[in-house]
Amino acid sequence: FCQDLLLGTSCCFDFSGELSPDNTDWNMKCCDQESGAPVVAPQDGIKEEEIEKLDLTLNLMSALNKNEMFCKAFSYELMVKLSSCVSYTTTTTTTTTTTTTTTTTSTTTTTTTSTTTTTTPTTTTTTTSTTTTTTTTTTALTGAIQAITFTTGSCIGCNSGNVEGGLMVRLVGENGAICETVGLDRPDEQDYASGQLARFDGQPDGGLSDGMQGCYLAPMAGNLTGGSVTWTGTGMFAARTRDICIELSGGAGVWCCQMQEGSSPSNVAVPLTSCDLIIIP
């Protein structure tokens, strides 16, 4: 038809005139198809409002599946302003590759090490130590207290182990001599079991271990007049036949005194009376 009328080679979609997005009766116009597609493109420099109308029109025409043809017939500047044509624009990415060449120069250093050996004379000094041991022998005076002995009759409520508290003995002589032990108790054995004969002699450390230190080798010249005993442990102590005996050094004999009471409760002093000297031949 267009060729018969000599108006152009093709019947083209006309986007150059007034567009109405609400109208689906799209304008057609004869053209020479100079753009390679049957499209009459809008003039350059169209206003923003015309661009919006064109974009809406293309959205309506998308059902024809020809939007790619339409968009590519427009100028590139117009295409990038139309949301319907953005997907058909071409993004050119230029990638610049920089190649860095590193030249490594190796330097070899040769180090010569000189080793000097120094010989130091060693002097060895030998020290000989001489240890002199001095043995001191204590000679007790005749009549000094050598040991205290007694036999336990009973110890009710007392500790059954080796640490029992012990009997504290205070001795008084007629010349005013007085000595006093702490609780007589040997730490390595039980001394106050019923029927047990106990002997405290202050060996080997002068009475520090068994409690004799206050009366160890104490001089007791003259007659022994009395004193007292006090049970320092738990419970109640009683001596068999109430006898508390004191051995004297140098064969001077043994003094035996009697407890005035039959027993000594814990921390209660019981007087010693009726002291008699027994001479052992």
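A disulfide here is a pair of cysteine sulfur atoms within 2.5 Å. Keep that cut-off in mind as we walk through this predicted model, because C71 and C85, with their sulfur atoms 1.9 Å apart, fall inside the 2.5 Å limit and form such a link. In total, the structure holds five disulfides. We'll look at three of them, then move on to a small sheet and a well-connected serine.

Let's stay with C71 and C85 for a moment. This pair links distant parts of the chain, 14 residues apart. On one end, C71 belongs to helix α2, which covers residues 67-73. On the other, C85 sits in the loop between α3 (76-79) and β4 (145-156). What is the handedness of the disulfide of C71 and C85? The torsion about its S-S bond is about -75°, so the link is left-handed. As for solvent, C71 has 0% relative accessibility and therefore counts as buried. C85 is buried as well, its relative accessible area being 0%.

Next stop: C179 and C215, joined by a disulfide with an S to S distance of 2.1 Å. Here, too, distant parts of the chain are linked, with the two positions 36 residues apart in sequence. C179 is in strand β6 (residues 178-180), while C215 is in the loop between β7 (197-200) and β8 (224-231). The angle about the S-S bond is 100°, and this link is right-handed. Both C179 and C215 are buried.

The third pair is C257 and C275, whose sulfur atoms are 2.0 Å apart. Its link is right-handed, with 115° about the S-S bond. If you trace the ends, C257 lies in strand β11 (residues 254-259) and C275 in strand β13 (residues 269-278), so the disulfide ties together parts that are 18 residues apart in sequence. Are these two cysteines buried or exposed? C257 is buried, with a relative accessible area of 0%. C275 is also buried, at 15%, because the cut-off for that label is under 20%.

Another cysteine, C11, gets a different label: with a relative accessible area of 48%, C11 is partly exposed.

Now for the sheet. Three strands make up an open sheet in the order β2-β1-β3, and their pairing is mixed. The edges are taken by β2 (28-31) and β3 (39-40). Each of these edge strands has a single partner strand, so one side of each is left without a neighbour in the sheet. Strand β1 (residues 10-14) runs parallel to β3, and two bridges join them. To find the register on screen, look for D14, which stands opposite V40 in β3.

Finally, have a look at S264 in strand β12 (residues 264-265). Its relative accessible area is 0%, so S264 is buried. Which backbone atoms does the side chain of S264 reach? One is the backbone nitrogen of W231, at 3.1 Å. Another is the backbone oxygen of V268, which lies 2.8 Å from a polar atom of the S264 side chain. Leaving aside residues up to four places away in sequence, S264 touches V229, T230, W231, M236, F237, M259 and V270. W231 therefore turns up twice around this serine: its backbone nitrogen is reached by the S264 side chain, and W231 is among the residues within the 4.5 Å contact limit.

Definitions and conventions:
Residues numbered from 1 in each chain as written. Predicted model: local features only at pLDDT ≥ 70, side-chain atom pairs only at ≥ 80, totals over all residues. Heavy atoms only, no water. Helix = DSSP H or I, 4+ residues; strand = E, 2+ residues; numbered from the N terminus. Buried < 20%, exposed > 50% of the residue type's maximum accessible area, 1.4 Å probe, protein only. Pairing = 2+ DSSP bridges. Polar contact = N/O pair within 3.5 Å; in protein donor to acceptor, adjacent residues only side chain to side chain.
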